[in-house]
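Work through the exercises below with the coordinates open. Each task is followed by a solution in steps.

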Amino acid sequence: QRLSHLKDIGDLAIRLKTDIKSGDSIYTDLNGHTIQQHRYKEKLFTQGNFFPMPSTAFIQDSSTRLSLLGSEPHGVASLAEGWIEVIVDRKTSQADGRGMGEPLRDRLPSPAHLRILLEK
């Protein structure tokens, strides 16, 4: 569904909460070839615990894996055990002071084709 009525909202994210005992880890792919483990670091701000997801991210325990498959790159995190957060879109009304010196005000819809895969 298009969310074109949302204006300058900041980050639009999806959070999946599960009972998976994933600890402080989330796994993402590296260009579709290698899987890399990332650990939540409490000393970092929330933004520092988001990682690039070129196409896949997952959390798992000894009996269950929850995978998020995307056709576009997104940012993902696991900010608590059993959670996956994915940034779907970003819009800001002012520059964040970290680069271009201009806000993110692209009015084009952002594609977000995501699939959820639960394996037991």
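pLDDT is the predictor's confidence in each residue, on a scale from 0 to 100. The model is predicted, and its chain averages a pLDDT of 84, with 75% of the residues scoring at least 70. Over residues 1-5 the pLDDT is below 50. Beyond near neighbours in sequence, this stretch has two contacts in the model.

**Exercise 1. Overall description**

Task: State the secondary structure of the chain, and give its burial, surface and contact totals.

Solution:
1. Count the elements: the chain has nine strands and zero helices. Along the sequence the pattern reads β-β-β-β-β-β-β-β-β.
2. Take the burial: of the 120 residues in the chain, 30% are buried.
3. Take the surface: the accessible area is about 8,200 Å², and carbon and sulfur atoms account for 51% of that area.
4. Take the contacts between residues at least 6 apart in sequence: 59% of them join residues at least 24 apart.

**Exercise 2. The aromatic pair**

Task: Find the aromatic pair in the structure and classify its geometry.

Solution:
1. Search the whole structure: one aromatic pair is found.
2. Choose the descriptors: a pair of aromatic rings is described by the distance of the centres and the angle of the planes.
3. Apply them: the ring centres of Tyr27 and Phe58 are 4.9 Å apart, and the planes meet at 10 degrees. Planes under 30 degrees apart count as stacked, so the Tyr27 and Phe58 pair is stacked.
4. Place the partners: Tyr27 is in strand E2 (residues 25-30) and Phe58 is in strand E5, so the pair ties together parts 31 residues apart in sequence.
5. Check burial: both Tyr27 and Phe58 are buried.
6. Look over the face of the Phe58 ring: Arg65 lies there, at 4.1 Å from the ring centre.

**Exercise 3. Two serines in strands**

Task: For Ser25 and Ser67, decide whether each is buried or exposed, and list the contacts beyond four places in sequence.

Solution:
1. Locate Ser25: this residue lies in strand E2.
2. Compare with the cut-off: buried means under 20% relative accessible area. Ser25 has 6%, so Ser25 is buried.
3. List the partners of Ser25: Gln37, His38, Arg39, Ile59 and Ser78. With Gln37 there is also a side-chain to side-chain polar contact of 2.7 Å.
4. Locate Ser67: this residue is in strand E6.
5. Apply the cut-off again: with a relative accessibility of 5%, Ser67 counts as buried.
6. List the partners of Ser67: Ala57, Phe58, Arg115, Ile116, Leu117 and Glu119. Phe58, one of these partners, is also a member of the stacked pair with Tyr27.

**Exercise 4. An aspartate in a loop**

Task: Where does Asp61 lie, and which backbone nitrogens does its side chain reach?

Solution:
1. Locate Asp61: the residue is in the loop between strand E5 (56-60) and strand E6 (65-70).
2. Classify its accessibility: the partly exposed class runs between 20% and 50%, so Asp61, at 23%, counts as partly exposed.
3. List the contacts of Asp61 beyond four places in sequence: Ile20 and Lys21. Asp61 and Ile20 are 41 residues apart along the chain, and their C-alpha atoms are separated by 6.1 Å.
4. Follow the side chain of Asp61: the backbone nitrogen of Lys21 is reached at 3.1 Å, and the backbone nitrogen of Thr64 at 2.8 Å.

Technical notes: Residues numbered from 1 in each chain as written. Predicted model: local features only at pLDDT ≥ 70, side-chain atom pairs only at ≥ 80, totals over all residues. Heavy atoms only, no water. Helix = DSSP H or I, 4+ residues; strand = E, 2+ residues; numbered from the N terminus. Contact = heavy atoms within 4.5 Å. Polar contact = N/O pair within 3.5 Å; in protein donor to acceptor, adjacent residues only side chain to side chain. Phe/Tyr/Trp six-rings, centres within 6.5 Å; stacked < 30°, edge-to-face > 60°. Buried < 20%, exposed > 50% of the residue type's maximum accessible area, 1.4 Å probe, protein only. Lys NZ or Arg CZ within 6 Å of the ring centre and 35° of its normal. Areas by Shrake-Rupley, 256 points an atom, 1.4 Å probe, with all protein chains shown as cover.
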